[in-house]
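Colleague: Hey, got a minute to walk me through this one? I'd like to get a feel for it before class.

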Amino acid sequence: MAKNWYPIINQAACINCETCVNFCPRKVYEAGIQYPEVVQPDACVEFCRGCAKICPTGAITFFGDQAS
């Protein structure tokens with residue numbers, strides 16, 4: 001699993017539809033009050049991007065995508 005690559009939710013863009021929460025089989029996300037929270041970043045499969053692809057507002061990016 002990824003230690004240096006995990007999802008980040010853009011809170012301003014998130015509509016709290018919980019699509020990412022329901023999509024992720026590894027339970028990286030947990031439903032929150034205003035938006036989902038990344039509760040298990042180490043469980044994310046490196047370079048999966050499945051949640052970002054189905055996010056209707058494009059609110060998910062990934063730590064580690066930026067070049068050092």
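**Walking through the fold**

Modeller: Sure, let's start with Lys27, which counts as exposed because its relative accessibility is 57%, and the cut-off for exposed is over 50%. Keep in mind that this is a predicted model.

Colleague: Okay, and where does Lys27 lie?

Modeller: Lys27 is in the loop between helix 1 and strand 2. Its phi is near 55 degrees, a positive value in a residue other than glycine.

Colleague: Which other residue is found in that loop between helix 1 and strand 2?

Modeller: Pro25 is one you can look for there. With 70% relative accessibility, Pro25 counts as exposed. If you want a distance to try in your viewer, go from the C-alpha of Pro25 to the C-alpha of Phe47: they are 22 residues apart along the chain and 15 Å apart in space.

Colleague: What about phi of Phe47?

Modeller: Phi of Phe47 is near 65 degrees, again a positive value in a residue other than glycine. You'll find Phe47 in the loop between strand 3 and helix 2.

Colleague: Let me zoom out. How many helices and strands are there in the protein chain?

Modeller: Two helices and four strands. Starting at the N terminus, the order is β-α-β-β-α-β.

Colleague: And what does the C-alpha trace span along its principal axes?

Modeller: About 30 × 20 × 20 Å. The radius of gyration is 11 Å, which agrees with the value near 11 Å that a compact globule of 68 residues would have.

Colleague: What share of the residues count as buried?

Modeller: Of the 68 residues, 29% count as buried. On the outside, the chain exposes about 4500 Å², and 51% of that comes from carbon and sulfur atoms.

Colleague: What about the charges, how many positive and negative ones are there?

Modeller: There are 5 positive and 6 negative charges, and the mean positions of the two groups are 8 Å apart.

Colleague: Now the inside. How many residues has the largest nonpolar core?

Modeller: It has 15 residues, and those with the most contacts inside it are Cys20, Val28, Tyr29, Cys51, Ile60 and Phe62. Helix 1 (19-23) and strand 4 each supply at least two residues of this core.

Colleague: Why would nonpolar side chains be buried together?

Modeller: I can only give you the general pattern: in soluble globular proteins, nonpolar side chains tend to be buried together.

Colleague: Val28 was on that list. What does Val28 touch?

Modeller: Leaving out residues up to four places away in sequence, Val28 touches Pro7, Glu37, Val38, Val39, Gln40, Pro41, Ala43 and Cys44.

Colleague: What about contacts across the chain as a whole, how much comes from residues 24 or more positions apart?

Modeller: Counting contacts with a separation of 6 or more, 57% are between residues 24 or more positions apart.

Colleague: Let's try Ala59. Is Ala59 buried or exposed?

Modeller: Buried, because its relative accessibility is 1%, and the cut-off for buried is under 20%. Ala59 is in the loop between helix 2 (50-54) and strand 4 (60-63).

Colleague: Which residues does Ala59 touch?

Modeller: Ile8, Ile9, Asn10, Ala13 and Cys14, once you skip residues up to four places away in sequence. For a distance to check, the C-alpha atoms of Ala59 and Val21 are separated by 13 Å, and these residues are 38 apart along the chain.

Colleague: I'd like to look at some glycines too. Where is Gly32 found?

Modeller: In the loop between strand 2 (29-30) and strand 3 (37-38). Gly32 counts as buried at 18% relative accessibility. Beyond residues up to four places away in sequence, Gly32 touches Asn16 and Glu37. From the C-alpha of Gly32 to that of Glu18 it's 8.8 Å, with their positions 14 residues apart along the chain.

Colleague: And Gly50, where does Gly50 lie?

Modeller: Gly50 lies in helix 2. At 11% relative accessibility, Gly50 counts as buried. Gly50 and Val38 are 12 residues apart in sequence, and C-alpha to C-alpha they are 15 Å apart in space.

Colleague: Cool, thanks!

Terms used: Residues are numbered from 1 along each chain as its sequence is written. This is a predicted model: local features need pLDDT of at least 70, side-chain atom pairs count only at pLDDT 80 or more; totals for chains, interfaces and linings use all residues. Side-chain values use heavy atoms; hydrogens and water are left out. Buried means under 20% relative accessible area, exposed over 50%, partly exposed in between (1.4 Å probe, protein chains only). Contact means heavy atoms within 4.5 Å. The radius of gyration is taken over C-alpha atoms; the globule rule is 2.2 Å times the number of residues to the power 0.38. Accessible areas come from the Shrake-Rupley method with a 1.4 Å probe; for residues, only the protein chains shown count as cover. Lys and Arg count as positive and Asp and Glu as negative; His and the chain ends are not counted. The place of a charge is taken as NZ of Lys, CZ of Arg, CG of Asp or CD of Glu. A nonpolar core is a set of buried Ala, Val, Leu, Ile, Met, Phe, Trp, Tyr and Cys residues joined through side-chain atoms within 4.5 Å.
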